[in-house]
Structure formats: structure tokens, C-alpha cells
Amino acid sequence: MRARTTVVRLPGDALWVHSPCTPTDDVCAALDALGEVRWIVVPNRFHHLQTPATAARYPNAVVVGPKSAQSRNPRVSLSMGTDDPAYVRATPELTSIQLGGVPFLDETVFFHPASGSLIAADLLISACARDHWTWRMAARIWGRYEKVKTPPDVRWNTRASTALAESIAQMRALPLQRILVAHADPITDRPAQQLAEAWEFAIPSSLRQSDAAL
């Protein structure tokens, strides 16, 4: 599967690298041309594989993420969590939102107001013609081909909850221009609506009825 790394340039040419990919010489040259890598972000308990290599390449960068990723990969050395006050104070350009009610992922998403971008990893997924044929075939079977949905394993391991409904509502209320996730092209067509539709299954029926009444 294709996987996206998102980079945000903060004041002072500080780079915030979300879900790092393999730090090849070409990738690192592109990063170095943009600025200095100061933050390496592990977004959830699964997107950690290239974090150790990236941290080794940029030893002065601060590695941020959930402890659940560290428990899955002992080679991941976290400096702090995304809810750490020191991290929040240091990155006011990004708003952290915990995806509540989905311990399977333990994901934090980030909103970048300056670009209207919601930055996530496994919040949503979609396959297209540019993907490998195996994922295209699986996506057709699971209804994820050219359709924005939750990843199949996330769907299977998630139950409706008020915490999740509140998280999705918080994201929907943002002035979204795009949603960037690891395994899909940028979602720019009706991003808030597609987010709501993809996660509708996890909204308690009582809350759905309240929304309908409003």
C-alpha cells in the first residue's frame, strides 16, 4: 500500500514530520531543502515502522507519539506524548485532536488552520488506479475502491460510542479544506461530509436521532 508522509514547515523553518517514511538519501535531501527536522510524529500505534531510522538520521528531533506504539515496537523511543503541555506549547500552529473511542488505533489527528488541512494516518482510506493491484482488488471487495471509508480493520474493531461521536463532531466543525491520510489521495471533495459518512456507523443511534431533529 502507498503510504503518505506529511510535512509541515513551522516558524523558523522547523519541520514537523508526520508518519515518517523510509529516510532515504533522496527523502532526507528533500527535507533538508525545506528546513530542519525538529519533530517526528507517530500518529497511532501502527505507523511507527520508520520512526527509529528517521530519529537516527535526525538525532536532535523530538519524537512524539502514543505509548502504545512504543509497546509494539521497542525500538521506538518517544520523547513525549501529543498531549504533553510542552509539545502543545511548542506547536501552536497545529491543533491535536484525540480520536476517542477507538483504542484499536490510539490515534491523534492534527488540524493545521493555515492550510485548512486535517492530518491523520488511519482515519480514512481509499484505493484508486495508482495503487498496487492487490490493494485495488481488496478495496473493491471491501467497498473502498474510489470510496472514502474507514480502513476495514478499524471498522471491524470499532463500536459506536459517545466519545467517538464527539471526536468526529469536533473534526467536522473545523473549516476543512482537505483531509490528508496515509493510504489515500488528498480528500478535497466535501471533506467534512465524507468524514461524517465514513464514520456514521460508529455514532450511537440516540445521537443520530438528535442530529436529525436539529
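The following conversation works through a predicted model and asks what lies behind the terms used to describe it.

Trainee: Why is histidine 48 called buried?

Mentor: The term buried applies under 20% relative accessible area, and because histidine 48 has 6% relative accessibility, it counts as buried. Histidine 48 sits in the loop that runs between strand E3 (36-41) and helix H2 (51-57), and, leaving aside residues up to four places away in sequence, it touches Val42, Ala69, Arg72, Asn73 and Val76.

Trainee: Why is aspartate 13 called partly exposed?

Mentor: Partly exposed covers what falls between the 20% limit for buried and the 50% limit for exposed, and aspartate 13, at 44% relative accessibility, therefore counts as partly exposed. Aspartate 13 belongs to the loop between E1 and E2, and its phi is positive, about 60°, although the residue is not a glycine.

Trainee: What makes glutamate 146 exposed?

Mentor: A residue is exposed over 50%, and glutamate 146 is exposed because its relative accessible area is 57%. Glutamate 146 is placed in the loop between H5 and H6, and it too is not a glycine although its phi is positive, at about 55°.

Trainee: How do you know that tryptophan 135 is buried?

Mentor: Its relative accessible area is 7%, and the limit for buried is under 20%, so tryptophan 135 is buried. Tryptophan 135 is part of helix H5, and its contacts, not counting residues up to four places away in sequence, are Met1, Ile125, Ser126, Ala127, Trp142 and Arg144. Between the C-alpha atoms of tryptophan 135 and alanine 169, which are 34 residues apart along the chain, the separation is 30 Å.

Trainee: What makes E1 and E2 a pair of strands, and in which sense do they run?

Mentor: Pairing requires at least two bridges between the strands; strand E1 (residues 6-10) and E2 are joined by five bridges and run antiparallel, so the requirement is met. Within this pair, valine 8 stands opposite tryptophan 16, while leucine 10 has alanine 14 as its bridge partner in E2. The two strands form a hairpin with three residues between them, and glycine 12 in the turn has a positive phi of about 75°.

Trainee: How do you know that E2 also pairs with E3, and in which sense?

Mentor: Five bridges connect E2 and E3 in the parallel sense, which can be set against the requirement of at least two bridges; histidine 18 has valine 41 as its bridge partner in E3. Together with helix H1 (residues 25-34), strands E2 and E3 make a β-α-β unit.

Trainee: What makes that β-α-β unit right-handed or left-handed?

Mentor: The hand is judged with the strands pointing away from the viewer, and a clockwise path from the first strand over the helix to the second is right-handed. The unit made by E2, H1 and E3 is right-handed.

Trainee: What makes strand E2 mostly covered?

Mentor: Five of the five residues in E2 (residues 14-18) are buried. Ala14, Trp16 and His18 point one way and Leu15 and Val17 the other way, and all are buried. In E1 the side chains alternate, with Thr6, Val8 and Leu10 buried on one face, whereas Val7 and Arg9 point to the other and are not buried.

Trainee: Which residues of helix H8 are called buried, and against what do they pack?

Mentor: In H8 (residues 191-198) the buried residues are Pro191, Gln194, Leu195, Ala196 and Ala198. They pack against helix H7 (162-172) and strand E8 (178-180).

Trainee: How many residues line the largest pocket, and what makes a residue part of that lining?

Mentor: A lining residue has an atom within 4 Å of a point of the pocket, and 24 residues line the largest pocket, with Ala3, Phe46, His47, Asp122 and His183 nearest its centre. Helix H5 (133-142) and helix H6 (152-156) are the elements that give two or more residues to this lining, and H6 gives the most, with three residues. By class, the lining has 13 nonpolar, eight polar and three charged residues, and about 470 Å³ of space lies in this pocket.

Technical notes:
Residues are numbered from 1 along each chain as its sequence is written. This is a predicted model: local features need pLDDT of at least 70, side-chain atom pairs count only at pLDDT 80 or more; totals for chains, interfaces and linings use all residues. Side-chain values use heavy atoms; hydrogens and water are left out. On a 1 Å grid over the protein atoms alone, a cavity is a set of points where a 1.4 Å probe fits but cannot get out, and a pocket is an open set with protein on both sides within 12 Å along at least five of seven lines; lining residues have an atom within 4 Å of a point. Grid points are joined across faces, edges and corners, and a volume is the space filled by probe spheres set on the points. Helices (H or I, at least four residues) and strands (E, at least two) are DSSP runs, numbered from the N terminus. Ala, Val, Leu, Ile, Met, Phe, Trp, Tyr, Cys and Pro count as nonpolar, Asp, Glu, Lys and Arg as charged, and the others, Gly among them, as polar. Buried means under 20% relative accessible area, exposed over 50%, partly exposed in between (1.4 Å probe, protein chains only). Contact means heavy atoms within 4.5 Å.
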